[in-house]
Amino acid sequence: MGSLLIKGGTVATPLGTMKADVLVRNGTIAAIGQGLAGDEMLDASGKLLLPGGVDAHTHMAMPFGGTVSCDDFSDGTVCSAFGGVSTIVDFAIQGKGRSLAETIARKRLDADGKVYVDYGLHVAITDLTEAVMGEIPATIAAGVPTFKCFMTYPGMAVDDYTLFRVLKTASSNGGRVSVHAENLSLISGGVAALLAAGKTEPRHHAESRPDYVEAEAVARAILLAEEAGAELYVVHLSTAKGLELIKAAQRRGSRILAETCPQYLVLTDAKYDEPDFGGAKYVMSPPLRKPADHEALWKGIADGSVSTLASDHCPFTMEQKKMGLGDFSKIPNGAPGTEVILPVLYSEGVLKKRITLERLVEVVSANPARIFGLSSKGAVEPGKDADIVIFDPSREWSLDAKELHTKAGFSPFEGLKVRGKAESLLVRGAFVVKAGRLVGSAGAGKFISRSKV
Ligand code: URP
Ligand code: ZN
Ligand code: ZN
């Protein structure tokens, strides 16, 4: 393959933007500057050149609540590619009695040969035996240095002692733990009381998980991490209350990292009132929140207390959601999102002056790449993988299902008008999407073995 010169674009970095040409050779960024020459040339005048997004939270083909999320690694990474996401980090969830090695190997069988973009894996521990404890150092050394503990979901949740042990062992071997922070007991009690009172509709899902359900679990996880001498990464943070606790921990010097998602920045819990079971589209955990939570999270992104933006892409069709007709607790939790990270952040964040373009690049690419040990990713910089988004900042469109690629058949962001779209995406120098058309192939993405964190 010859070299490619991307000419006339504006390169965005965490330190600022500059008009410059980018030379891509052998899958990496060879040079950035003026007056460069390449075998082929692509005119990017008027376009932003962003580092490919690193979506560190997806669930492709994930078993959940008796069904499986409807985008497999092929469908889901097509969504990622159209959204300008060049790397995902998905979750291999340990089945009861399974080893971590087998858990990871099975997930790789699901993904290899299907992925359009690069991918890594976290492993979620659900059954901590002594054998599994013993596997943690080797798992880290084998390129899977990040572990997840669910603090909720019956069957997947771990108890506090398990979380504490995983925090200690992972951190002392160069790994890190992420938590889904919601209090299982408060949710179970709330769900039972609501159902007993005949409150079975999708809107009652949100009622069963008020903001203190998240905040309590965040507080507990922070305390356990501090006592274990470990870093902690809180996934899909949704509340102002949770963020306050994280900020307080950060102020006292604890390394507590927070991720949020587009849905917790722009969609409110009023969505659950959509008629005819429409509220089921938004049944996810944690649930959608209030405008005041959105504003707190936007401020957290701007002030650095929130480090990353990820999608929590976990789509189900309406047919699947109907498993919970008559009982909201049986609606599979999750929604599509990997395709909308960049347009939501750009349009609602940068253009509305809530965050700068530099901060967008940090939270979408540079920070997740650094935090998750993806050293060749996350920046348009000589020597890095040529994972580049050619982003049209003037393109106006609407985040409707007909524009997006998930197999869910709906978009929770339906009707949201945005400006800015990923027009093309290169992964390691090869186009996956070119001028709005899919040109990559299934299996061209590769598993990235990540370094210690
Ligand atoms: O509702 C959600 N978020 N589904 C995906 C699984 C998880 O909790 O991240
Ligand atoms: Zn979760
Ligand atoms: Zn998730």
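Is Cys79 buried or exposed? In this predicted model, Cys79 is buried, with a relative accessible area of 1%. That residue is a useful place to begin, and the cysteines are taken up again after the metal site.

The zinc ion (ligand 3) is held by three protein donors, namely NE2 of His57, NE2 of His59 and an OD oxygen of Asp312, which lie 1.9 to 2.2 Å from the metal. Along the chain these donors follow the spacing H-x1-H-x252-D. His57 belongs to strand E8 (residues 53–58), whereas Asp312 sits in the loop between strand E17 (308–309) and helix H11 (318–321), so the pair ties together parts of the protein that are 255 residues apart in sequence. Both of these residues, His57 and Asp312, are buried.

The geometry around the zinc ion (ligand 3) deserves a careful reading, because its four donor atoms subtend angles of 88 to 138° and the arrangement is therefore irregular; for a tetrahedral assignment, all angles would have to lie between 85 and 135 degrees. A second metal, the zinc ion (ligand 2), is found 3.7 Å from the zinc ion (ligand 3).

Returning to the cysteines, a search of the whole structure finds zero disulfides. For Cys70, the closest cysteine sulfur is that of Cys79, and the distance of 8.7 Å is too far for a bond, given that a disulfide is counted when the two sulfur atoms lie within 2.5 Å. Seen from the other side, Cys79 is in no disulfide, and its nearest cysteine sulfur is that of Cys70, 8.7 Å away.

Note on methods:
Residues are numbered from 1 along each chain as its sequence is written. Chains are lettered from A and ligands numbered from 1 in the order in which they are written. This is a predicted model: local features need pLDDT of at least 70, side-chain atom pairs count only at pLDDT 80 or more; totals for chains, interfaces and linings use all residues. Side-chain values use heavy atoms; hydrogens and water are left out. Donors are N, O and S atoms within 2.8 Å of the metal (3.2 Å for Na, K and Ca); water is not among the atoms, so sites may look incomplete. Four donors count as tetrahedral if all angles lie between 85 and 135 degrees; four count as square planar and six as octahedral if opposite donors are over 155 degrees apart and all others between 65 and 115; anything else is irregular. Helices (H or I, at least four residues) and strands (E, at least two) are DSSP runs, numbered from the N terminus. Buried means under 20% relative accessible area, exposed over 50%, partly exposed in between (1.4 Å probe, protein chains only).
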